[in-house]
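Here are a few exercises to work through with the model open beside you. Try each one yourself before you read the solution.

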Amino acid sequence: MERTHYRAPFISLVRPRGSKMTKHENPMLWRTVIIPKQYCATEVAKGFPVTFGGDIRIGDLRGTGQVDFLVYRSCADAHDGGGMKPCFLGAFTLEGEPIWHSGGGGTQPCRPGPVAVHDIDEDGQSEVICFFLDESRQAAATSMENVVIQIRDGATGKIKHQRTPVELAACSGYGPNWAHQRIMVANFRGMASSQDFVVKLGERVLAFDSNLNILWEYESPWTKYGHSPAYIPAVGDIDGDGRDEVNGGYFLLDHDGTVLWQNDIAPHMDSVAIAPWDNGRLRAICSGYGHVLDGSGRVIMKLGSELVPHGQEVRIGRFKSGGTTPQMIVRCNGHSTEVLVVDVDGAILKELNLNPSPNNTGMEVVYWSGKERPALLYNGGMLWDPVQGAGISLPGLPPPEAVGRMDWYHCIPANVCGDHREELVLYNPWTTKVYIYTQHDNDESTFTGFKAGPRQYNPRLMD
């Protein structure tokens, strides 16, 4: 069968008066990283064989100050239920050289899954925190009875800790959000750095420390499609006590799992965040009807059902020139191209249609010109100045092939090759390459090494 390609329309950069991107900041393809051949798999998709790597994470695995990559795949029986049972991990360098691998086989996870790279035990070296298939046990595709949690040495892949807590083994389900398992690094114990993590499995939320002990668990009463917690929870210290809270859209949990508020405030609570909003205060941001709430559940802003009938994605960043306040960008009508750009006072700054992509998800905030300049928005192979409504395609980026659900370019913004500005680290899980875009005037001589922050070890990826 002939392969078909999804081609987004080319939209050249429009520079309205006051636009902030100069020709020197236009994107160029800095590096194409090829996933080691032995780390890839081949399967038949839509009638033809496709060779691919899988889902990707980034981090300084070896302590060299350079970004490294981790590719993983999940066992075949978990394909329809998500990526919750990784069975292959492969680490490789910026040059595409293998570092280590573990396990084998596997298929493409249909959602980004439970794998993270972070120095979870504060020993100065990155670890890989992940779920992994226990091949010695049999269980249903949607049961966690044959899954272990591992903490692996980032440089060697050797297992430092491994457990199968009874609370994890008891999790199973077929609910609407069961397929979204994501490890989110957090600081629940008030440590010097984030040495805990949280994961949501359907209606259950489990919190762990760096020794894989269960800190607490929570179960949401809402389980129906359109009325269930956000796909991926968000973490952040809303109350300022040095310990993180968890925003699930329908609930806010304190650092110890205590419910601070719990409310079915809107349908389609797909995407959430904890981010500075009014006067720098951290707020719970919720895509459903475009909500901003405080730590007690008081509504700070609500766009409502007419403006946001189905809040698919929400992102917070400073996109507007000449100010210090953030803006909200919300994909307001499900898996469509329609977005609203909203100021901190609730004013609609822009209504626009972004470029289409195979899933019409995957917006990411990118500080392309540095933290001191307004951010841009990545979406499906393009960069946007969302306030101006100007977009630019990325040169040399192949169009996605119409293969499967994850067949589009995921973006992790990170400073990986030069000055203080963020690059685009792009990967399509159905291909064998990672693409890194930087600016034409990028100065590699000023690079002081890759340092991962929450935007790298807790990437939002897909909602």
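**Exercise 1.** Find the salt-bridge partner of Arg 298, and say whether that partner is buried or exposed.

*Solution.* Start with the charged ends: Arg 298 forms a salt bridge with Asp 294, and their closest N and O atoms are 3.0 Å apart. A salt bridge here is a side-chain nitrogen of Lys or Arg within 4 Å of a carboxyl oxygen of Asp or Glu. Next, check the partner: Asp 294 has a relative accessible area of 8%, so Asp 294 is buried (buried is under 20% relative accessible area, exposed over 50%, partly exposed in between, using a 1.4 Å probe and protein chains only).

Before you go on, keep in mind that this is a predicted model, where local features need pLDDT of at least 70 and side-chain atom pairs count only at pLDDT 80 or more, while totals for chains, interfaces and linings use all residues. Residues are numbered from 1 along each chain as its sequence is written, and side-chain values use heavy atoms, with hydrogens and water left out.

**Exercise 2.** Which residues form salt bridges with Asp 278?

*Solution.* Step one: Arg 281 pairs with Asp 278, with the closest N and O atoms 3.2 Å apart. Step two: Arg 283 also forms a salt bridge with Asp 278, at 2.8 Å between the closest N and O atoms. Step three, look at accessibility: Asp 278 is buried at 15%, Arg 283 is buried at 9%, and Arg 281 is partly exposed at 43%. For the wider picture, a search of the whole structure turns up 20 salt bridges, and Asp 121, Asp 123, Glu 127 and Lys 160 are linked in a network of them.

**Exercise 3.** Where does Pro 386 lie, and what is Pro 386 in contact with?

*Solution.* First, the place: Pro 386 sits in the loop between strand 30 (382-385) and strand 31 (390-393). Strands (E, at least two residues) and helices (H or I, at least four) are DSSP runs, numbered from the N terminus. Then the surroundings: Pro 386 counts as buried, at 1% relative accessibility. Leaving aside neighbours within four places in sequence, its contacts (heavy atoms within 4.5 Å) are Phe 319, Ile 329, Val 341, Lys 350, Leu 352 and Leu 377. Finally, Pro 386 and Ile 316 are 70 residues apart in sequence and 12 Å apart in space, C-alpha to C-alpha.

**Exercise 4.** Which members of the largest nonpolar core touch the most other members?

*Solution.* A nonpolar core is a set of buried Ala, Val, Leu, Ile, Met, Phe, Trp, Tyr and Cys residues joined through side-chain atoms within 4.5 Å. In the largest one, with 30 residues, Phe 188, Val 198, Trp 216 and Met 269 touch the most other members. Now ask about the elements: strand 18 (251-253) and strand 14 (204-209) are among those giving two or more residues to this core, and strand 18 gives the most, with 3 residues. Last, zoom in on Phe 188: beyond its neighbours within four places in sequence, its contacts include Val 198, Leu 215, Trp 216 and His 255.
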